Amino acid sequence: MASKQVLVAVVAAAALAVAFLPGLAVATEYVVGDDKGWTLDFNYTAWTETKQFVVGDTLVFEYNSGAHNVVEVGGPDFLSCTKPANAVVWNSGEDRVTLDKAGRRWFFCAVGQHCQNGMKLKITVLETAAPTPQPAPAPFA
Ligand SMILES: [Cu+2]
């Protein structure tokens, strides 16, 4: 019986930890594409759909520096895969981009036809993590 009580306590503690996690606001580092990195033949749209980006988080683009690069552009240039002359370009092969403000950001690889072939990443950065549902407040007594 004692072991069952211990189990209940552990489960309760874990539930509490999960419930308070969003409040900790720990900056998260996202390796773009996870173990695949920044590459061709990867669906970055699907990748972003499972993430929630918040101000203070960091994107890390990992790739072979001779094969790819990372360019940050505006929305219209993102759609047309156009790299403006004044675009910010990263090419270290391990580029860290801090998400320092809320809003949309657009990145693509400007090597060859990589952008046209889907090597592009669009994200939305939130001011704070989306709130988790809270229990309704107790009615006034
Ligand atoms: Cu590329």
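1. Before we look around, a word on pairing: two strands pair if DSSP finds at least two bridges between them. Strands here are DSSP runs of E with at least two residues, helices are runs of H or I with at least four residues, and both are numbered from the N terminus. A first example comes from strand 6, where Arg96 is the bridge partner of Val60.

2. Please keep in mind that this is a predicted model, in which local features need pLDDT of at least 70, side-chain atom pairs count only at pLDDT 80 or more, and totals for chains, interfaces and linings use all residues. Residue numbers start from 1 along each chain, as its sequence is written.

3. Now the overall plan. The protein chain has three helices and eight strands. Following the sequence, you will meet them in the pattern α-β-α-β-β-β-α-β-β-β-β.

4. Next, the smaller numbers behind the fold. Residues are in contact if their C-beta atoms, placed from the backbone, lie within 7 Å. Among contacts in the protein chain with a separation of 6 or more, 73% are between residues 24 or more positions apart. A residue is called buried if 20 or more other C-beta atoms lie within 10 Å of its own, exposed if 12 or fewer, and partly exposed in between, with C-beta atoms placed from the backbone. By that rule, 16% of the 141 residues of the protein chain count as buried.

5. Let us take the five-stranded sheet. This open sheet has the order 2-8-7-4-5, with mixed pairing. Strand 2 (53-54) and strand 5 (88-90) are its edge strands, and each pairs on one side only. Strand 2 runs parallel to strand 8, and two bridges join the pair; here Val54 has Leu126 of strand 8 as its bridge partner.

6. Moving inward, strand 8 meets strand 7 in the antiparallel sense, over six bridges. Gly103 stands opposite Val125 of strand 8 in this pairing. Strand 7 also pairs with strand 4, again antiparallel, over three bridges, and Val73 stands opposite Trp106 of strand 7.

7. The other sheet is open too, and its three strands come in the order 1-3-6 with mixed pairing. Why is one side of strand 1 and of strand 6 left without a neighbour in the sheet? Strand 1 (29-31) and strand 6 (94-98) are at the edges and have a single partner strand each, so one side of each has no neighbour in the sheet. On average, neighbouring strands of this sheet are turned by 20° against each other, direction ignored; the axes behind such angles are lines fitted to C-alpha atoms, for helices over the stretch in contact, and angles run from 0 to 180 degrees between N-to-C directions.

8. Strand 3 is worth a pause. Strand 1 runs parallel to strand 3, joined by three bridges, and Glu29 has Thr58 as its bridge partner in strand 3. Strand 3 and strand 6 run antiparallel, with five bridges between them, and Leu59 has Val97 of strand 6 as its bridge partner. Strand 3 also has two faces: Leu59 and Phe61 lie on the covered one, while Thr58, Val60 and Glu62 lie on the uncovered one.

9. What about the core? A nonpolar core is a set of buried Ala, Val, Leu, Ile, Met, Phe, Trp, Tyr and Cys residues joined through C-beta atoms within 7 Å. The largest one has 18 residues, and Trp38, Phe61, Val70, Phe108 and Cys109 touch the most other members. Two or more residues each come from strand 3 (58-62), strand 4 (70-73), strand 7 (103-108) and strand 8 (120-126). Strand 4 gives the most, with three residues. In soluble globular proteins, nonpolar side chains tend to be buried together.

10. Is Trp38 buried or exposed? Trp38 counts as buried because 28 C-beta neighbours lie inside 10 Å. Trp38 sits in the loop between strand 1 and helix 2 (44-49). Leaving aside neighbours within four places in sequence, the contacts of Trp38 include Val32, His68 and Cys109. Trp38 and Phe61 are 23 residues apart along the chain, and their C-alpha atoms are separated by 5.7 Å.

11. Finally, two loop residues to check. Asp34 is not a glycine, although its phi is positive at about 50°. Asp34 lies in the loop between strand 1 and helix 2 and counts as exposed because it has 11 C-beta neighbours inside 10 Å. Cys81 also has a positive phi, near 55°, and is a residue other than glycine. Cys81 lies in the loop between helix 3 (75-80) and strand 5, and with 18 other C-beta atoms within 10 Å, Cys81 is partly exposed.

Definitions and conventions. Two residues are in contact if their C-beta atoms, placed from the backbone, lie within 7 Å.
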